[in-house]
Amino acid sequence: MIHTDLLTKKCRKLLARMKQKPYMKNYISNYHAKKNLSMLVKNICKSSDTEKYVYELKDNKYIETVFIKRRDGGTVCVSTQVGCPVGCIFCESGRNGFVRNLTSSEIVQQIILLRRKVNRIVFMGMGEPLFNYDNLIKAIHILRDRYGLNFPTDGITISTVGPVDQLKKLREEHLKIQLTISLHAATQSARNRIIPHMRIYAIEDVVKQALSYSERHNRKIVFAYLLLPGINDRPSDVRQLAKWFRGKKVMINVLQYNPTSNSRIKAPQKREIVAFKHQLEQAGLEVTMRVSHGREINAACGQLANTYNKFKKK
């Protein structure tokens, strides 16, 4: 757990001890040199328990970061890219295409500039984290290093659609962070429809690599599953999920659809979500339902829209 107001004093004391960690030294030095700051707060939208921060980057592009208040601190949902190349049909972040990866400094500054007490960090904002692999890993080292922010590993989660090559690399990292896979389907055809730009990866391989990460690092893996009636809610889907995950260190996180500009999506009724959750539990799976935060300010999952950016689709 960190309180960003304490970082300046702490980082100054530690800077002299970090010559053996060049990436840390450069990062902290840049943070304290105001002229080298690469982003600033453009706007803040607030609801009862959620705040959405719009950051302006040095090249006049924009990203959004979400802070969800908890009883003692809060969770920050961090972006890793400007735009997104994945193209999930339920998500606004990639609606205008992909612009660029964020630097490791831009990733970490999202947390520092909040100036809030943070006890959980989730890479679940704009962009696909594992498509910005090197900068993501460098940012995580900065966050968890005792010469950096000294953030506990258990408090860091990567949420990814599961590009297989990057999952293999992540398995070999000595990080043991939490992992959430945005699966959203039990068949290749359904996943191709929901996440069209990920059709090059076989769903079986995504599942296999995620379970391999779980075994290697002794972590429970969360598989996110956005329920879309008529697409991924059939009895055969339940049976396939049970075949993959029964008896494994896995939790299925059933999501509700948060409104976006895609008028073709049919949102499930609450009773449909509850019924699907019950079917999964009856099949022997551990299941939870995600509570959405920040819908009223377009800060919930799938709603980070990148609307400040003015660029054309590629």
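**Exercise 1. Decide whether Glu286 is buried, partly exposed or exposed in this predicted model, then find its salt-bridge partner.**

Step 1. Start with the accessibility. Glu286 has a relative accessibility of 37%, so it counts as partly exposed. The cut-offs you need are under 20% for buried and over 50% for exposed.

Step 2. Now look for the partner. Glu286 pairs with Lys220 in a salt bridge, and their closest N and O atoms are 2.9 Å apart.

Step 3. Place both ends on the chain. Lys220 sits in the loop between helix H7 (203-217) and E12, while Glu286 sits in the loop between H9 and E14; the pair links distant parts of the chain, 66 residues apart.

Step 4. Check the partner too. Lys220 comes out at 36% relative accessibility, so it is partly exposed.

**Exercise 2. Work out which parts of the chain the Glu64 and Asp59 salt bridges tie together.**

Step 1. Take Glu64 first. Its salt bridge is with Lys52, with 3.8 Å between the closest N and O atoms. Glu64 belongs to strand E4 (residues 62-70) and Lys52 to strand E3 (residues 50-57), so this pair ties together parts 12 residues apart in sequence.

Step 2. Ask where these two side chains end up: buried or exposed? Both Glu64 and Lys52 are buried.

Step 3. Move on to Asp59. It forms a salt bridge with Arg100, and here the closest N and O atoms are 2.7 Å apart. Asp59 is in the loop between E3 and E4, and Arg100 is in strand E7 (residues 98-101), so the pair ties together parts 41 residues apart in sequence.

Step 4. Check Asp59 for exposure. With a relative accessible area of 36%, Asp59 is partly exposed.

Step 5. Put the pairs in context. The full count is 12 salt bridges.

**Exercise 3. Test whether the length of helix H9 fits its number of residues, and find out which side of H9 is buried.**

Step 1. Do the length check. H9 covers residues 270-282, which is 13 residues. The expected span uses one less than the number of residues, times 1.5 Å. That gives 18 Å, and the end C-alpha atoms are 18 Å apart, so the two agree.

Step 2. List the buried residues. In H9 they are Ile273, Phe276, Lys277 and Leu280. They span an arc of only 100 degrees around the axis, which puts them on the same side of H9.

Step 3. Look at the other side. There, Arg271 and Gln282 are exposed.

Step 4. See what does the covering. The cover over the buried residues of H9 includes strand E12 (221-226), helix H8 (235-245), strand E13 (250-255) and strand E14 (287-289).

Step 5. Follow the chain onward. Just after H9 comes Gly284, with a positive phi of about 95 degrees.

**Exercise 4. Find out how many disulfides the structure holds, and check Cys91.**

Step 1. Count them. There are 0 disulfides.

Step 2. Check Cys91 by distance. The nearest cysteine sulfur belongs to Cys88 and is 6.0 Å away, and Cys91 is in no disulfide. A disulfide needs the two sulfur atoms within 2.5 Å.

Step 3. Check the burial. Cys91 has 18% relative accessibility, so it counts as buried. Cys77 is buried as well, with a relative accessible area of 10%.

**Exercise 5. Sum up the whole protein chain.**

Step 1. Count the elements: the chain has 9 helices and 14 strands.

Step 2. Add the burial: of its 314 residues, 57% are buried.

Methods:
Residues are numbered from 1 along each chain as its sequence is written. This is a predicted model: local features need pLDDT of at least 70, side-chain atom pairs count only at pLDDT 80 or more; totals for chains, interfaces and linings use all residues. Side-chain values use heavy atoms; hydrogens and water are left out. Helices (H or I, at least four residues) and strands (E, at least two) are DSSP runs, numbered from the N terminus. Buried means under 20% relative accessible area, exposed over 50%, partly exposed in between (1.4 Å probe, protein chains only). The arc is that of the directions from the helix axis to the C-beta atoms. Contact means heavy atoms within 4.5 Å. A salt bridge is a side-chain nitrogen of Lys or Arg within 4 Å of a carboxyl oxygen of Asp or Glu.
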